[in-house]
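Trainee: Got a minute to walk through this one with me? I'd like to start with the empty space inside.

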Amino acid sequence: MTVTETQLQSRSQSQSQSLPANSRTWWKESSVYQIYPASFKDSNGDGIGDIPGIISQLDYIKALGVDVVWLSPILQSPQVDMGYDVSDYYQIHPPYGNLKDVDMLIQGLHARGMKYVMDLVVNHTSDQHEWFKQSRASKDNKFRDWYIWKKPRYTADGARQPPNNWGAYFGGSAWKYDEQTDEYFLHLFAPEQPDLNWENPQVRDAVHQIMRYWLDKGVSGFRMDVINFISKDQRFPDVPVVDPKNPYPEGAKYYACGPRIHEYLQDLGRILKEYDAFSVGEMPSVYDPAEILNAVGFDRQELGMAFQFEIMDIDHGPKGKFSPGKFCLKDLKSIVTKWQSFMYENNGWNALYLENHDQGRSISRFASAKPEYRALSGKMLATFLGLQSGTPFVYQGQEIGMVNMPESWDVQKFRDLEAINFWNEFTQINEENAELCNQTLKEIRLKSRDNGRIPIQWGPGKFAEFTSGTIDPWIGVNDDYDTWNASSQVSDPSSVFNYWASILRLRRTWVDVFVYGSFKLIDEEHDDLFVYSRSLGEMRAIVVSNFSDKHVEWTVASEVSSIFAGGKILIGNYEKRQITGVDDKSVVVKPFEAFVVLQNEPSISV
Ligand code: TEU
Ligand code: CA
């Protein structure tokens, strides 16, 4: 239930007198929709999503009410890591389309008042990039120093070893031996993704040139892939081995926000500022807001915002992503409060997200995909995330409540090298322990990247109408598309799609409160409810989210009881949510219920 557009529109004008604590800019007032091109819409029947397919859905994206569209990589790539292995920064991956299609996409977005943000993958390239082919050709090739080459180490009995013990994110050592020149090269991800050597000014210049080329073509900014990994500790020291079963521990302490990171980001920031461009840096393995503030502080002129991974890593166990960990609301409260308060108080900015192409679906992970709770959960999570301080990111399919792959899917249906490599290695080491393998498979199904790469469900027709052809899509389609699809939701005012659209509209309308307002956690100790307030000047909103399947009798915290009395419900995911009068000391919050109460809305003539 939402107030009418007219009411909302006329209210926004009366707010602008209040001066927010934080600097104002367009990308803080924007929301972003992330598209994974291979899985969005296939226009030519080859089972692979493509740019013309995206163009065919621009009105759908516009109807959601987002301002920016970020595409995961579309540049030429052998697709070892779905385009996060670029072999040519100036050409488009042919199955996705060509440069003309990109021009059409940019025109189509601009015509609808939206912008295109490109995924910039410059911590590493593909091993098929011409730079790397040259670099590996010989030690005196002029591209040798564009990558990170080191001599082998040897054990006492002469066995050749990698230069250090860092592990790669997709398994094994982060170093690959190259016979031709008797040296190892660094690859933090797959061996087909050699890390660029940012110490080399020619590498930095080449990246600056790539950025300018695409900005001049009408791209409005960048999502920067693992951009905090580009500066490595040049000593390349070993990491202490804690688990003898894992000889290659993660070396992030020696490359996450490394020694020269801010020097490099200042260079990028100068280019971004020239174009008033959008920027979001992906920054894994950094949990200290102060460290990220050094990159996203408004006065730092480096990046606009960053994806931190604390929420994404919240249910990782002690042995990493696919080891059992437990999602706990109290942890979520402390993480969100830390980032919301810190960035507000320090003129930084948050990138708000609960899903992307690397993560399990948030309804399955943090709420409930059970039929009776699925839509409620999608709307509750939209309320919880979408009204925080920061720029909200909606990942394709999240707006229609897509959930994880079916439990019945066999490992043969997995497509992502991260899960496949991990599962193959894990079952080899633990083949006698069936119970442990089954438990791990359950964790993979919950958190695997494939969950976010299942084709978008457009309609009830074959292959969920993702493809026009008869060729099977490159990855399986979920088995719930006959009832969960975009076409049934766009025209349904009570759908998850239209609820997301209402949340984004609330942000646009109550800019002072929901974009620039302060954040305060309410009732910190509650086990099931996440309640927070947003305020600026006299205006205050209370956002209530029930993360449980229980009816919760909530004794309204005294600090908000007055709002409950005099406030107005702006939105809720249950019909006819009534709020208590000031003399009622409690309110019953229903399973996965969310609602928002606004107090002291400026008096307006409607
Ligand atoms: O992901 C970086 C990253 O940290 C991932 O390893 C992430 O932690 C993991 O996928 C979670 O399971 C970026 C891209 O988003 C990812 O798709 C790429 O595979 C990776 O970089 C290498 O480019
Ligand atoms: Ca296609």
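Trainee: How much space lies in the largest cavity?

Mentor: About 170 Å³. Bear in mind that this is a predicted model.

Trainee: Which residues lie nearest its centre?

Mentor: Gln 308, Ile 311, Asn 350, Ala 351 and Leu 352. The lining of the largest cavity has 16 residues in total. Two elements give two or more residues to that lining: helix H10 (329-345) and strand S16 (351-352). H10 has the largest share, with four residues.

Trainee: What classes are found in the lining of the largest cavity?

Mentor: Twelve nonpolar residues, four polar and no charged ones.

Trainee: And how many cavities of 30 Å³ or more are there?

Mentor: Three. The second largest cavity has a volume of about 50 Å³.

Trainee: What lines the second largest cavity?

Mentor: Among them are Glu 355, Ser 362, Ile 363, Gly 378, Leu 381, Ala 382 and Trp 500. Helix H11 (362-366) and helix H12 (374-386) each supply at least two residues. H12 gives the largest share, three residues. By class, the lining of the second largest cavity divides into five nonpolar, four polar and one charged.

Trainee: Switching topic. How many salt bridges does a search of the whole structure find?

Mentor: It finds 35. One of them joins the side chains of Arg 223 and Asp 119, at 2.9 Å from N to O.

Trainee: Where do Arg 223 and Asp 119 sit in the chain?

Mentor: Arg 223 is in strand S11 (residues 221-224) and Asp 119 in strand S5 (residues 115-120). The two are 104 residues apart, so this pair links distant parts of the chain.

Trainee: Is Arg 223 buried or exposed?

Mentor: Arg 223 counts as buried, because its relative accessibility is 1% and the cut-off for buried is under 20%. Asp 119 also counts as buried, at 4%.

Trainee: Which residue does Asp 178 meet in a salt bridge?

Mentor: Arg 136, at 2.8 Å from N to O. Asp 178 lies in strand S9 and Arg 136 in helix H6 (residues 130-137), so the salt bridge ties together parts that are 42 residues apart in sequence. Asp 178 counts as buried at 6% relative accessibility. Arg 136 counts as partly exposed at 21%.

Trainee: Back to S9 for a second. What is the strand order in the open sheet?

Mentor: S6-S10-S9, with antiparallel pairing. The edge strands are S6 (149-150) and S9 (175-178), each pairing on one side only. S9 and strand S10 (residues 183-186) pair over four bridges. Asp 178 has Glu 183 in S10 as its bridge partner.

Trainee: H12 came up with the second cavity. Which residue does Arg 374 meet in a salt bridge?

Mentor: Asp 480, at 2.8 Å from N to O. Arg 374 is in helix H12, while Asp 480 is in the loop between helix H14 (434-447) and helix H15 (486-490). The pair is 106 residues apart. Asp 480 counts as buried at 11% relative accessibility, and Arg 374 counts as buried at 5%.

Trainee: Last one. Which residues do salt bridges with shared partners join into one network?

Mentor: Asp 81, Lys 321, Asp 358, Asp 416, Glu 418, Arg 449 and Arg 453.

Notes. Residues are numbered from 1 along each chain as its sequence is written. Chains are lettered from A and ligands numbered from 1 in the order in which they are written. This is a predicted model: local features need pLDDT of at least 70, side-chain atom pairs count only at pLDDT 80 or more; totals for chains, interfaces and linings use all residues. Side-chain values use heavy atoms; hydrogens and water are left out. On a 1 Å grid over the protein atoms alone, a cavity is a set of points where a 1.4 Å probe fits but cannot get out, and a pocket is an open set with protein on both sides within 12 Å along at least five of seven lines; lining residues have an atom within 4 Å of a point. Grid points are joined across faces, edges and corners, and a volume is the space filled by probe spheres set on the points. Ala, Val, Leu, Ile, Met, Phe, Trp, Tyr, Cys and Pro count as nonpolar, Asp, Glu, Lys and Arg as charged, and the others, Gly among them, as polar. Two strands pair if DSSP finds at least two bridges between them. A salt bridge is a side-chain nitrogen of Lys or Arg within 4 Å of a carboxyl oxygen of Asp or Glu. Buried means under 20% relative accessible area, exposed over 50%, partly exposed in between (1.4 Å probe, protein chains only).
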